[in-house]
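Student: I should like to examine this structure with you, beginning with one acidic side chain and its surroundings.

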Amino acid sequence: MTHNVFSRRRALLSAAALALLLPVVTTGPADAKRVGPPESVRFASVNASLNRFNAGDLAAELSSPGSAQPDVIAEIIQRTRPEVLLINEFDYDAGDVALDGFQENYLSVPHGTAEPIEYPYRYAARSNTGVPSGRDLDKDGFVGGPGDAYGFGFFEGQFAFAVYSMFPIDLAGVRTFQNFLWKDMPGALLPVDPDTGESFYDDGDLEIFRLSSKNHVDVPIAVGDRTVHFLVSHPTPPVFDGPEDRNGTRNHDEIRFWADYVRGGRQSSYIYDDDGHVGGLDQSALFVIAGDQNADPFDGDSIPGAAQQLLESPKVNTTVTPDSLGGPEQALLQGDNNLTHLGDPAFDTADFGEAIFGGPGNLRVDYVLPRKNMRITDAGVFWPLESDPLFSLVGTFPFPSSDHRLVWVDVSHGGLGTAGRR
């Protein structure tokens, strides 16, 4: 299997090389086309890098129109036109100033030929980022700062996430798992100091250590006469640690959380939410898992098999994988680690250019994964070719938008219905 994947990657890179030598005529990105039956609904996820250095900075920026990076992010959303959207790395503020400002001053404003898009229903999630733990979690000898917060952050709510929807959100039915303790997951991969063989975290740490680096949130959305549970999160990157791999193990278990949650029954019996309700998702419920999982199924620094916990779940539909033309092209142009990757470059969703950062190359880390019985009618990654006029929206480092690309999946299931491409 590994050899076949590698061979496919080499074939795609060769095809991309040939494409660079030929004239290209574009008719706009496939992402903007509507393929499939009219009752399909587009779910999307994007890590928009709408995080700022100080609390309140994003809210202030989005309170008025015309800021360059939010303008580009808004245009990408307008070009792809999802009905339900998760935005990772969107700083939280309790007054929802940023949440509403992005709609009113950016999404509701046309960008070039891209028409405004309206999301009347919005939800901003609280985040563990920047919340002080009172413990020396990073073991640097000092208590305080972003490394000792429940999730890495310089202020509470940095790197949080938000949901925008054309369909009603059942706010009373939202389940959050911000306070779920890592130690309460059976068989958790709690990190071990390789020099001593002892737990990297002591008993006092584990009594307060939360699993979610941001939050895990079940957002029920009323699509027609059905409810779809939009399961959103943003696990920590599996890097920026030491030989104990504390971020890698946490990333693995943050991904595992949703795999257990959707299995329901005994598999999810250990789970409790922030209101004290126990158990996972009803086994008949519809769901879409979305987010920057920070794990590629073949390449990068995550624990092997981390992403497969979702991709190989018997409850998840992976019959269609979102892809792009721009991913293979950029893998070829950037070279380096990209040329030895095992994963298909057409599936890449993030541009981690190693020439600048010493990073792992481009990876597939962003996902939109429907339930097995929700038929996928189309899917894509917004990553145009360099010859496409819309390439300027994603660009290369320094990126005009984000180092991640928007990923979308169209799904259809019985009475789902559509809100239309407004």
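Student: At what distance does the side chain of Asp 148 reach the backbone nitrogen of Asp 138?

Tutor: The model is a predicted one. Asp 148 belongs to the loop that runs between strand S3 (121-125) and strand S4 (161-165). From there, the side chain of Asp 148 reaches the backbone nitrogen of Asp 138 at 3.1 Å.

Student: Which residue has its backbone nitrogen 2.8 Å from a polar atom of the side chain of Asp 148?

Tutor: Among the residues that Asp 148 touches, beyond four places in sequence, are Pro 132, Ser 133, Arg 135, Leu 137 and Phe 142. One of these supplies the backbone nitrogen at 2.8 Å from a polar atom of the Asp 148 side chain: Leu 137.

Student: How far from Asp 148 is the nearest side chain of opposite charge?

Tutor: Asp 148 is buried and has no salt bridge. A salt bridge requires a side-chain nitrogen of Lys or Arg within 4 Å of a carboxyl oxygen. The nearest side chain of opposite charge is that of Lys 139, at 7.6 Å.

Student: Which residues are linked with Lys 139 in a network of salt bridges?

Tutor: The salt bridges in question form a network that includes Lys 139. Its other members are Arg 135, Asp 202 and Asp 205.

Student: Which side chain does Asp 292 join in a polar contact of 2.9 Å?

Tutor: Asp 292 is found in strand S8 (residues 286-292). Asp 292 is buried yet has no salt bridge, and the nearest side chain of opposite charge, Lys 214, is 7.2 Å away. The side chain of Asp 292 does reach the backbone nitrogen of Asn 294 at 3.0 Å. The side-chain partner in the polar contact of 2.9 Å is Asn 47.

Student: Which histidines are in contact with Asp 292, leaving aside its neighbours within four places in sequence?

Tutor: The contacts of Asp 292 beyond four places in sequence include Ser 45, Asn 88, Ser 233, Pro 235, Val 365 and Asp 366. The histidines in that set are His 234 and His 404.

Student: How many residues apart in sequence are the parts tied together by Asp 273 and Arg 175?

Tutor: The side chains of Asp 273 and Arg 175 meet in a salt bridge, with N to O at 2.7 Å. Asp 273 lies in the loop between helix H6 (246-263) and S8, while Arg 175 is in strand S5 (residues 175-176), so the parts that the pair ties together are separated in sequence by 98 residues.

Student: What separates Arg 256 and Asp 260 in helix H6?

Tutor: The side chains of Arg 256 and Asp 260 also meet in a salt bridge, at 2.8 Å from N to O. Arg 256 and Asp 260 are both buried. Being four residues apart in helix H6, Arg 256 and Asp 260 are separated by about one helical turn.

Student: Is Arg 405 buried or exposed?

Tutor: Arg 405 forms a salt bridge with Asp 351, with the closest N and O atoms 3.9 Å apart. This pair links distant parts of the chain, since Arg 405 is in the loop between strand S10 (375-381) and strand S11 (407-412) and Asp 351 in the loop between H8 and helix H9 (354-357). The cut-off for burial is under 20% relative accessible area. Asp 351 counts as buried at 3% relative accessibility, and at 0% Arg 405 likewise counts as buried.

Student: Which strand gives the most to the largest nonpolar core?

Tutor: The largest nonpolar core has 65 residues, and those touching the most other members are Ile 77, Phe 90, Phe 102, Tyr 164, Val 219 and Phe 230. The strand that gives the most to this core contributes six residues and is S1 (residues 41-50).

Student: How many residues are in the other core?

Tutor: Apart from the largest core lies another, with Phe 177, Ala 285, Ala 295 and Ala 307 among its members. The number of residues in that core is 32.

Student: Over which residues does pLDDT stay under 50?

Tutor: The protein chain averages a pLDDT of 90, and 87% of the residues score at least 70. One stretch under 50 has 69 contacts in the model beyond four places in sequence, and this is residues 1-38. Another has 26 such contacts, and this is residues 417-422.

Methods: Residues are numbered from 1 along each chain as its sequence is written. This is a predicted model: local features need pLDDT of at least 70, side-chain atom pairs count only at pLDDT 80 or more; totals for chains, interfaces and linings use all residues. Side-chain values use heavy atoms; hydrogens and water are left out. A nonpolar core is a set of buried Ala, Val, Leu, Ile, Met, Phe, Trp, Tyr and Cys residues joined through side-chain atoms within 4.5 Å. Buried means under 20% relative accessible area, exposed over 50%, partly exposed in between (1.4 Å probe, protein chains only). Helices (H or I, at least four residues) and strands (E, at least two) are DSSP runs, numbered from the N terminus. pLDDT is the predictor's confidence in each residue, from 0 to 100. Contact means heavy atoms within 4.5 Å. Lys and Arg count as positive and Asp and Glu as negative; His and the chain ends are not counted. A polar contact is a pair of N or O atoms within 3.5 Å; within protein, one must be able to donate a hydrogen and the other to accept it, and residues adjacent in sequence count only if both atoms are side-chain atoms.
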